[in-house]
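This report describes the fold, the packing and selected backbone features of a single protein chain. The sequence and the structure come first, followed by the account.

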Amino acid sequence: GWMYETWHPHCDDPNRVKGRINYTVWSEVQACPSCSQEIVFSDEALDSSSGHIRDKFDCPYCGVQLKKEQLELLFETRYDQSTGESIKSPRRKPVLINYSLGKRKIEKRPDACDLEILERIESLGLPTEVPVLKLPDMQMARVGRMKTTGVQYIHQYFLPRPAQSLSAIWRQVNLCENKQLRNFLRFYFEQAIWGMSILNRYSPSHFSQVNRALSGVFYVASQISEVSAWYNLGGKLQRLVKAFRKYELESGNTIISTENLGSIELPDNSVDYVFTDPPFG
């Protein structure tokens with residue numbers, strides 16, 4: 001719980017109370033090509049009134065007019081204990097926290113306590129439940145924002161807090177002794193993996209920040225919505241329970257097989273549904 005708590009209205013306020021974080025917006029840090037000063041992308045490029053990125057904006061240091069493509073993405077290199085390698089990743093800063101206080105949803109800039117919590121979480125290291133697998137040599141990893149941001153491993157898809165949160169949920173799911181309920185919980189958990197990764201784009205013009213990944217491609221945006229588990233999964237649980245409430249498991253009428261499609265050993269009139277999944281592109 002402490003990982004997703006924030007002080008309202010600010011940690012220095014003597015009348016502060018704790019709110020529950022829905023999502024945190026992270027922005028890439030880039031450099032001005034004219035003066036080389038660091039620019040927090042969201043602070044300068046995002047039009048807060050429209051929720052869209054400006055076509056042009058001024059450097060806050062030298063005043064030169066810029067476009068996004070002119071900026072230089074800055075990186076930080078850290079030793080990764082999971083792989084034994086030094087891994088480069090884009091430099092990112094938290095710029096906005098959306099949190100709930102009772103029934104109200106409020107937004108604030110991260111304060112000193114928020115930053116301290118993020119540092120504590122990062123010091124915990126990568127949980128053993130998160131897969132440390134290198135991505136295969138695939139077309140989508142060689143082009144676009146995957147190449148630009150240098151994502152090479154599965155665990156690089158997750159910021160430290162989502163990695164801890166997802167791992168904690170996965171541990172609890174596997175403690176369930178009832179096999180049917182455990183499988184349901186695994187299916188439920190799986191719904192959060194995609195939406196709690198760095199593929200979840202910040203979209204202020206949308207009502208919700210749930211499942212904002214770009215469809216059909218691995219795209220790492222310059223602004224990321226790092227959502228909490230309850231923000232991501234709360235609505236899904238209600239819908240899944242409603243869908244499966246009347247479902248009764250039957251045994252003995254399901255067959256899983258692997259066979260040549262040229263000579264399928266199935267009786268006539270026994271196929272209800274065919275799903276095909278051609279390769280991407």
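Two strands are taken as paired if DSSP finds at least two bridges between them. The model discussed here is predicted.

**Hairpin of β11 and β12**

Strand β11 (residues 92-101) and strand β12 (residues 104-108) run antiparallel and are joined by five bridges. One residue pair can be named: Asn98 has Glu107 of β12 as its bridge partner. Two residues lie between the strands of this hairpin, in which Gly102 adopts a positive phi near 65°.

**Overall architecture**

The chain has 281 residues, of which 37% count as buried. Its secondary structure consists of seven helices and 13 strands. The C-alpha trace spans about 75 × 45 × 40 Å along its principal axes. Of the contacts between residues at least 6 apart in sequence, 60% join residues at least 24 apart.

**Nonpolar cores**

The largest nonpolar core contains 45 residues, and Tyr23, Val151, Tyr157, Met196 and Ile198 have the most contacts inside it. At least two residues each come from β2 (17-31), β11, α2 (112-123), α5, α6, β13 (223-227) and α7 (229-244). The greatest contribution to this core is that of β2, which supplies six residues. A second core, separate from this one, has eight residues, among them Cys32, Ala45, Phe57 and Cys59.

Which residues does Val151 contact, apart from its neighbours within four places in sequence? They are Leu135, Met146, Gln156, Tyr157, Ile198 and Val220. Both Tyr157 and Ile198 are also listed with Val151 among the residues with the most contacts inside the largest core.

**Packing of α5 and α6**

Helix α5 (residues 160-174) packs with helix α6 (residues 179-195) at an angle of about 170°, and the axes are 9 Å apart. Angles over 145 degrees count as roughly antiparallel, so α5 is roughly antiparallel to α6. On the α5 side, the contact is made by Leu166, Ile169, Trp170, Val173 and Asn174; on the α6 side, by Arg182, Leu185, Arg186, Phe189 and Ala192. Sorted by class, seven residues of this contact are nonpolar, one is polar and two are charged.

Leu175 lies in the loop between these two helices, α5 and α6. Is Leu175 buried or exposed? Its relative accessible area is 61%, and exposed means over 50%, so Leu175 is exposed. The C-alpha atom of Leu175 is separated by 27 Å from that of Gln156, the two residues being 19 apart along the chain.

**Backbone features in loops**

The peptide bond from His8 to Pro9 is cis, and its omega is near -5°. Pro9 belongs to the loop between β1 (5-8) and β2.

Ser36 and Asn211 each have a positive phi without being glycine. Their values and places are set out below.

| Residue | Phi | Loop | Relative accessible area |
|---|---|---|---|
| Ser36 | near 65° | between β2 and β3 (38-40) | 57% |
| Asn211 | about 50° | between α6 and β13 | 35% |

With the cut-off for exposed at over 50%, Ser36 counts as exposed because its relative accessibility is 57%. Asn211, at 35%, is partly exposed.

Terms used: Residues are numbered from 1 along each chain as its sequence is written. This is a predicted model: local features need pLDDT of at least 70, side-chain atom pairs count only at pLDDT 80 or more; totals for chains, interfaces and linings use all residues. Side-chain values use heavy atoms; hydrogens and water are left out. Axes are lines fitted to C-alpha atoms, for helices over the stretch in contact, and angles run from 0 to 180 degrees between N-to-C directions. Helices (H or I, at least four residues) and strands (E, at least two) are DSSP runs, numbered from the N terminus. Angles under 35 degrees count as roughly parallel, over 145 as roughly antiparallel, 65 to 115 as roughly perpendicular and the rest as oblique. Contact means heavy atoms within 4.5 Å. Ala, Val, Leu, Ile, Met, Phe, Trp, Tyr, Cys and Pro count as nonpolar, Asp, Glu, Lys and Arg as charged, and the others, Gly among them, as polar. A nonpolar core is a set of buried Ala, Val, Leu, Ile, Met, Phe, Trp, Tyr and Cys residues joined through side-chain atoms within 4.5 Å. Buried means under 20% relative accessible area, exposed over 50%, partly exposed in between (1.4 Å probe, protein chains only).
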